Amino acid sequence: MKKLLTIALSAVVLATGIYFTIASNAVAEEVTLYKNPQCGCCESYADYLRDNGFTVTVKPTHELVTMSHEAGIPDDFQGCHLAFIDNYVISGHVPIATVNRLISERPDIKGVTLPGMPMGSPGMSGTKTEPFTIYTVGDGQPSVYAVE
Ligand SMILES: [Cu+2]
């Protein structure tokens, strides 16, 4: 009898675990991406996130620079669009490995940014000529979060 109860309890614990895993993934996969109306590489980046399992809502805006400032990104570090995922900001053409690392490690920062529009980065045309340096977005000066 005790064994049966243990089995039943484990099943409940397991089911609850699966439920919360699904629930938290669902939250993490929702993305809102702000871009200038005429930006084409921003659309390509939205498609790149979709290809990697995210649900992306694209919102055209003329306030991107202001919004990037408000998100804590200094002028020299701004990317060409602004994505919000799971309470983090992701600015520019950040590769998916770094996006996934951010939302799984959940560091105490506001987000990450890949400044400008490097050739060969996700959503950009051209050939990659050097490693991409992705910086933290937070209260202090940006620091290197990833190089890939
Ligand atoms: Cu771009």
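Which residue in S3 does Thr32 stand opposite? In the predicted model, the residue facing Thr32 is Phe84 in S3. This position belongs to the pairing of strand S1 (residues 30–35) with strand S3 (residues 81–85), which is antiparallel and extends over five bridges.

Helix H4 (residues 96–105) packs on the sheet, where it touches S3, strand S4 (88–91), strand S5 (111–113), S6 and S7. The direction of H4 makes about 165 degrees with that of S4. Helix H2 (residues 40–51), in turn, lies across S1, S2 and S3 and runs at about 165 degrees to S2.

The strands named above are parts of an open sheet of seven strands, arranged in the order S2-S1-S3-S4-S5-S6-S7 and with mixed pairing. Strand S2 (55–60) and S7 occupy the edges of the sheet, and each has a single partner strand; one side of each is therefore left without a neighbour in the sheet. From one strand to the next, the twist averages 20 degrees.

At the S7 edge, strand S6 (residues 133–137) pairs with strand S7 (residues 144–147) in the antiparallel sense, over three bridges. The connection from S6 to S7 is a hairpin of six residues. Within this pair of strands, Tyr135 stands opposite Val144 in S7.

Methods:
Residues are numbered from 1 along each chain as its sequence is written. This is a predicted model: local features need pLDDT of at least 70, side-chain atom pairs count only at pLDDT 80 or more; totals for chains, interfaces and linings use all residues. Two strands pair if DSSP finds at least two bridges between them. Helices (H or I, at least four residues) and strands (E, at least two) are DSSP runs, numbered from the N terminus. Axes are lines fitted to C-alpha atoms, for helices over the stretch in contact, and angles run from 0 to 180 degrees between N-to-C directions. Two residues are in contact if their C-beta atoms, placed from the backbone, lie within 7 Å.
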